[in-house]
Amino acid sequence: MRGHIRRLVTAFVRQAGIGAGLRWKLSAAIALVGALVAVALSLVVHNAARVSMLDNARDLADERIMIAQRNYELSGRLNFPNTKIDDPQLPAELRAKVEEGRRATYVADRGGAPDIWAAVPLKSGHVMSLHSGFTDRSSDILKDLDQALWIGSLATVLGGCALGVLIGGHLSRRLRKAATAANRVAGGETDVRVRDAIGGVVRDETDDLASAVDAMADALRQRLEAERRVTADIAHELRTPVTGLLTAAELLPPGRPTELVQDRARAMRTLVEDVLEVARLDSASERAELQDILLGEFVARRVAAKDPDVIVRVVHESEVTTDPRRLERVLFNLLANAARHGAPPIEVTVEGRVVRVRDHGPGFPEALLAEGPSRFRTGSADRAGRGHGLGLTIAAGQARVLGARLTFRNVRPAGAPDDAPPEGAAAVLWLPEHAPTNTGSYPVLAQ
């Protein structure tokens with residue numbers, strides 16, 4: 001179950017985007033949007049103000065040309081500033097309008113500074129025109145407006161960055177809390193709820209994601225618990241007929257067929273007992289019965305009794321508090337796996353609280369190194385073909401009960417590439433410095 005939940009947590013963290021600079025991405029996005037909006041608004045406001053000022057200037061020029069026309073027709077003299085009769089510089093577009101008998105105004109661009117023209121036809125057939133530029137006051141107003149718009153745009157971008165950091169930081173903290181809680185669930189703490197770990201009053205998508213993770217973890221836990229109960233019930237019901245079969249096989253007359261039947265009956269009984277042990281370990285109800293032992297002496301004595309051909313080296317003796325029966329079970333399962341799938345010589349090294357079991361065979365399969373032991377899977381063809389894949393699963397489960405850490409790796413020569421053929425497999429049991437306080441408090445890792 002732990003492997004399934006760990007994969008679920010990994011997917012959750014990947015989807016949440018934790019570790020990818022969420023606050024800075026959000027800040028950059030808000031700043032970019034704010035900059036685009038500010039520039040667009042600045043351009044719109046600038047153009048609107050300029051058009052408004054030009055319209056006012058044209059209206060003023062139109063009023064002045066009307067006054068100048070009345071004064072000229074009354075007095076016969078040009079007595080209004082900037083007015084001329086038949087000005088040769090009069091724009092052709094404006095002249096065409098006036099020749100149609102219409103009073104008109106015109107704006108000409110002169111190197112970025114607009115020129116304001118107004119013209120009117122006279123009764124004598126001539127054209128009176130008035131020429132004025134954009135006033136300095138209007139230019140100053142437009143410059144001040146542009147400066148204010150740029151300052152406002154910069155303030156908007158900086159404010160957007162700050163807002164993005166605040167919002168992104170808040171969201172990132174919630175996601176990190178959710179990831180931490182999910183990792184605790186993956187570590188075996190079944191009472192942890194991701195939604196409760198996030199906290200907060202306002203609900204958002206993070207809460208929905210956390211609730212979905214809780215629901216998936218609960219559904220997966222219930223499913224695996226149901227499978228465990230079914231497996232345990234089947235194995236328990238098989239104990240009686242298998243025991244009877246073994247007893248009946250012992251009553252058969254001596255001979256090769258009898259030996260084959262007895263061997264298969266004993267193998268079936270061992271399988272049933274292993275399945276029951278795996279079910280008990282999965283239930284997380286097992287507790288260690290602790291004793292103080294000298295680890296090197298204990299391992300040397302047990303290995304010598306099990307297989308005198310195994311080489312035992314005690315580099316550094318250490319006194320540990322552990323369950324001798326479960327430690328022996330882990331040790332014997334590692335030795336059995338090395339003997340079944342590896343090659344001699346098999347070496348056991350004790351250094352402080354660390355026990356290493358190494359063979360010189362083809363190494364562990366990549367699936368086991370990546371995901372850890374899996375029941376009823378014996379790996380590649382080089383290390384497969386015999387057994388049911390329960391030995392390492394039981395060793396891993398018993399290590400959790402001891403509060404220990406069990407790692408697996410392939411041994412290669414120093415400096416050899418990762419794809420070089422291994423020279424053997426090594427299983428390393430790391431016993432804790434302090435006695436275990438609860439089952440499953442230390443994960444089994446693959447290395």
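This report describes a five-stranded sheet and two individual residues in a predicted model.

The sheet is open, its five strands following the order β6-β8-β9-β11-β10 with mixed pairing. Its edges are formed by β6 and β10, each of which pairs on one side only. Averaged over the sheet and with direction ignored, neighbouring strands are turned by 15 degrees against each other. At the β10 edge, six bridges join β10 to β11, and these two strands run antiparallel, with T407 standing opposite V428 of β11. Helix α9 packs on this sheet, where it touches β8, β9, β10 and β11, and the direction of α9 makes about 20 degrees with that of β9.

The residue ranges of the helix and of the strands that it touches, among them the edge strand β10, are as follows.

| Element | Residues |
|---|---|
| Helix α9 | 324-341 |
| Strand β8 | 347-351 |
| Strand β9 | 354-358 |
| Strand β10 | 405-410 |
| Strand β11 | 425-430 |

Elsewhere in the sequence, T105 belongs to strand β2, which covers residues 104-110. The side chain of T105 makes a polar contact of 3.0 Å with the side chain of R58, and when neighbours within four places in sequence are left aside, the residues in contact with T105 are R58, D62, L94, W117 and A118.

N79, by contrast, is found in the loop between α2 (22-75) and β1 (83-85). Its relative accessibility is 43%, and N79 therefore counts as partly exposed. Eleven residues separate N79 from A68 in sequence, while their C-alpha atoms lie 7.2 Å apart in space.

Notes:
Residues are numbered from 1 along each chain as its sequence is written. This is a predicted model: local features need pLDDT of at least 70, side-chain atom pairs count only at pLDDT 80 or more; totals for chains, interfaces and linings use all residues. Side-chain values use heavy atoms; hydrogens and water are left out. Helices (H or I, at least four residues) and strands (E, at least two) are DSSP runs, numbered from the N terminus. A polar contact is a pair of N or O atoms within 3.5 Å; within protein, one must be able to donate a hydrogen and the other to accept it, and residues adjacent in sequence count only if both atoms are side-chain atoms. Contact means heavy atoms within 4.5 Å. Buried means under 20% relative accessible area, exposed over 50%, partly exposed in between (1.4 Å probe, protein chains only). Two strands pair if DSSP finds at least two bridges between them. Axes are lines fitted to C-alpha atoms, for helices over the stretch in contact, and angles run from 0 to 180 degrees between N-to-C directions.
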